[in-house]
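Welcome to this tour! Open your viewer, switch on a cartoon view, and get ready to select residues by number as we go from stop to stop.

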Amino acid sequence: MSMQKPVKRRTAPEILARKGATPIVSTTAYSAITARLVDPIVDFMLVGDSLAMVEHGMASTLGVGLDLMVAHGRAVVSATVSSLVVVDMPFGSYEASPEEAFRSASRLMAETGCGAVKLEGGVHMAETIAFLVSRGIPVMAHVGLTPQAVNALGGFRSQGHDEATREKILGDAVAISEAGAFAVVVEGVVEPLADEITRTIPIPTIGIGASAACDGQVLVLEDMLGLTERVPRFVKRYAALGDAITEAVQTYADEVRERRFPSTDHVYKARG
Ligand code: KIV
């Protein structure tokens, strides 16, 4: 008899239906070990391309390709049973045409088993979003501070400080919503703009550095757990796991260096 928990995941339509209701909870997840712990608690998990920096020590998200997203996405899906898993489409895998986006998104879905993909961009990605959605691929959009455009934006800076950028970002949010995205990540925008977007579009806004005006929040798990060295100012740390790991490994190292290895007698005796 199998002891595995039955798989019953939240779906993209269920997340869409949460607009204006109970706030939507999300963290990133890149590996089986963390995904399994987070799965019973969150509504959806994002296999974000931020894994470039957090897991692979890269300087930005631009160096990630489809193979890496497939590997991490597969690990997260295999370790989870209840949350919707959304996998980021990496830079260069979807921008050239809706057809290219379909090839990449369908590969991500087929090879990982995820329930949706996320891509960055607003007005200029609306046609692609409509193309994917009409072919059965649930799409989460991402507007405001879009890290894949870091070079064009001139750095990781909060957005929406002047009327022109506010109007542009609001226009982006309206366009992706009309194109059929089921939710949108709104990253690094000033609170009045997050509030206006949330009140204007009929799909949930998932904020990251975008205030409680949004319909939910996503945080990079390692940031909120105190595992990463530097975090954006808006991140609240809920634990100090980095310090806990250092302390545990130091204790282990001290014991080994002093030859205080635990006896194996009782372990092997117990097995008979
Ligand atoms: O890659 C990522 O972790 C993301 C979040 C910042 C939303 O896209």
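**Stop 1: a proline in a helix.** Select Pro 192, which sits in helix H9, residues 191-200. Helices here are DSSP runs (H or I) of at least four residues, strands are DSSP runs (E) of at least two, and both are numbered from the N terminus. Pro 192 counts as exposed because its relative accessible area is 57%. The cut-offs are simple: buried means under 20% relative accessible area, exposed means over 50%, and partly exposed is in between, using a 1.4 Å probe and protein chains only.

Before moving on, a word about what you are looking at. This is a predicted model, in which local features need pLDDT of at least 70 and side-chain atom pairs count only at pLDDT 80 or more, while totals for chains, interfaces and linings use all residues. Residues are numbered from 1 along each chain as its sequence is written, and side-chain values use heavy atoms, with hydrogens and water left out.

**Stop 2: across to a loop.** Keep Pro 192 selected and add Ser 211: the two are 19 residues apart along the chain, and their C-alpha atoms are separated by 9.1 Å. Ser 211 belongs to the loop between strand S7 (205-208) and strand S8 (216-219). Is Ser 211 buried, partly exposed or exposed? With 28% relative accessibility, Ser 211 is partly exposed. Look at its backbone too: phi of Ser 211 is near 80°, a positive value in a residue other than glycine.

**Stop 3: another positive phi.** Now jump to Arg 259, in the loop between helix H11 (241-257) and helix H12 (265-271). Arg 259 is not a glycine, yet its phi is positive, at about 55°. Its relative accessible area is 69%, so Arg 259 is exposed.

**Stop 4: a pair of helix residues.** Select Glu 167 in helix H8, residues 163-179. At 55% relative accessibility, Glu 167 counts as exposed. Then add Leu 193: Glu 167 and Leu 193 are 26 residues apart in sequence, with 9.0 Å between their C-alpha atoms.

**Stop 5: two buried side chains.** Go to His 72 in helix H4, residues 66-78. His 72 is buried, at 11% relative accessibility. Which backbone oxygen does the side chain of His 72 reach? The partner is Tyr 30, at 2.7 Å. This is a polar contact: a pair of N or O atoms within 3.5 Å, where, within protein, one must be able to donate a hydrogen and the other to accept it, and residues adjacent in sequence count only if both atoms are side-chain atoms.

Next, pick Thr 112 in helix H5, residues 98-112. Thr 112 is buried, with 5% relative accessibility. A polar atom of its side chain lies 2.5 Å from the backbone oxygen of Leu 108, and the side chain of Thr 112 also reaches the backbone nitrogen of Cys 114 at 3.0 Å.

**Stop 6: the ligand.** Finally, select the ligand and show what surrounds it. Among the residues near it (a heavy atom within 4 Å) are Thr 28, Leu 46, His 142 and Glu 187. Three side chains to zoom in on each have a polar atom by a ligand oxygen:

- Ser 50, at 2.5 Å
- Lys 118, at 2.9 Å
- Asp 49, at 3.0 Å
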